[in-house]
Each structure stands twice: as structure tokens, then as C-alpha cells.
Amino acid sequence: MIVLPAIDIKEGKCVRLKQGVKDDSTVYFENPVEVAKNFESQGAQYLHLVDLDGAFDGKPQNLGVIRNIVNAVNIPVELGGGIRDLDIAKMYIDIGISRIIIGTQAVKDPQFIERLLSLYDEKVCVSIDAKDGIVCTEGWVESSNIEALELAARLEKLGLSTLVYTDISKDGMMSGPNFDMLNVLNMHLNMDIIASGGIASVDHLKRLEEMNLYGAITGKAIYEGAIDLGAYLKGAI
């Protein structure tokens, strides 16, 4: 299982939100580029970036920082937040993003996902962000009335190969991911599943690994010292 340390970017800084609330953020580092380089030095195989401003505004807001991160590291980088048309998707692919993550538009415009998959195939990932099993959009502030598993099954039929599942109620709370829902998705789908939201300990990571998930995203737990990323990746804990 790949552990993807998360760098959430808001106003050019590395922050974490609590349950996706725009105005409930904690700034952890002023320079996200240094954070990315540090994660790589600890042995990270892949980085997970989110343009939080882009997620709320619907268009890229931290392009300079994102480009600098891609140029500063030698490991692949995935990115979500505000990727809502083909031009934005192409721009990120062109600057070296290895995998683009689509959220809102996967619900609102399935043809957009089909087009992206025809152009970029495995470079496309969808993030299903759910609360009480229902998918949310627009930076997690709108409910879609679509169940997470239903949407995931539709996306698999379109040819999607990688899925991020975030339980919004768990995100930033360090209370553990939604193991039950992740297990359901992993059992019913043939896609690579990446767990996100609430992963706060080595025990959580080990349990996800036992479930044979493809990946796990964690941010706050690393920043606050609950997970020693380097030690975990070396198998020391």
C-alpha cells in the first residue's frame, strides 16, 4: 500500500481544514515546497496535493506553488481542487502532474470524465467525498443525493482505474477512516482505492494495508507527530 502524504494549499500555505470547513483551517507551514521535499526525503513514493482555494472557487488559485512542488521533487504528484474543464486538466498534465483528481465534475458532468479518460486514461482519478454515504460537491458544501457506491460503480463502467474515497465527517478529526465503507468499495469494485480522511495512527495504516487497499492519504497526523512517516515507510514501526 502506498502512503500519500497530503499537502493542502490555501493562500500559498500548507494548511489542514477540519471536516472541509473553509474557514476552519490551521496553517502548518508557510512553504509547501519545503514540505514536499521533506516528504520525499523521508521515503514518500507519491504526493497528494489539494488546491483548496481552487476547490472552493472552481478554478486554479495556487498554480505557482504547485508548479514549484512538481519541479522540486522526483516522485509523482497527484492533484485535486478546481479541475473542472479540459483546459485546466491539460494545463496540470503539461506542468508534470502525474494524476489529476476530479471531484465535483464527476457528479455534475459524467461526459467530462469520459472525455478526460479518453485523453489521459490512468492519469485521471476521481475523489468521492461523502458524508453519511452521500456524495458532496463544490468543496464539500453541497449534497448530491447520490450514494457513494452507486457513483463509484458508474465511474468504473466508464473505465476509471483509481478512486479516492474521503469520509468528510472524518477528515481532519484524526478519529480513523470509514473502514466499513472502504471495505464495501474495495469488495465491489476492481479499481485502485485510496483511503482519505481521519487516518491518524500507524494502526490505521496497518489496518488499511491488511484490507489490500492501493493507497492511503494522511496529512494532519504526520504534521502533528501522530504518524512518523519516515519510520513507517522504512518498516521501523
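**View 1. Just past helix α4 sits G96, a glycine with a positive phi.** In this predicted model, G96 follows α4 and has a phi near 110 degrees. At the helix's other end, D85 does the capping: one of its side-chain oxygens lies 3.0 Å from the backbone nitrogen of D87, at the N-terminal end of α4.

**View 2. Helix α4 (residues 86-94) has its buried residues at I88, A89, Y92 and I93.** These four span an arc of only 135 degrees around the axis, so they end up on the same side of α4. Look at the other side of the helix and you'll find D87 and D94, both exposed.

**View 3. The buried residues of α4 pack against a mix of strands and helices.** On the strand list are β4 (47-51), β5 (77-80) and β6 (99-102). The helix partners are α3 (63-72) and α6.

**View 4. The largest nonpolar core takes in 71 residues.** I100, I128 and L163 have the most contacts inside this core. Helix α6 (residues 110-120) chips in the largest share, five residues. There's also a second, separate core of nine residues, with L4, Y46, V164 and I194 among them. As a rule of thumb, nonpolar side chains in soluble globular proteins tend to be buried together.

**View 5. Here's I128 and the company it keeps.** Skipping neighbours within four places in sequence, I128 is in contact with V135, A148, L151, A152 and L155. The list carries on with L163, V164, Y165 and T166. One of these partners, L163, joins I128 among the residues with the most contacts inside the largest core.

Key: Residues numbered from 1 in each chain as written. Predicted model: local features only at pLDDT ≥ 70, side-chain atom pairs only at ≥ 80, totals over all residues. Heavy atoms only, no water. Core = buried A, V, L, I, M, F, W, Y, C linked by side-chain atoms within 4.5 Å. Buried < 20%, exposed > 50% of the residue type's maximum accessible area, 1.4 Å probe, protein only. Helix = DSSP H or I, 4+ residues; strand = E, 2+ residues; numbered from the N terminus. Contact = heavy atoms within 4.5 Å. Arc of directions from axis to C-beta. Polar contact = N/O pair within 3.5 Å; in protein donor to acceptor, adjacent residues only side chain to side chain.
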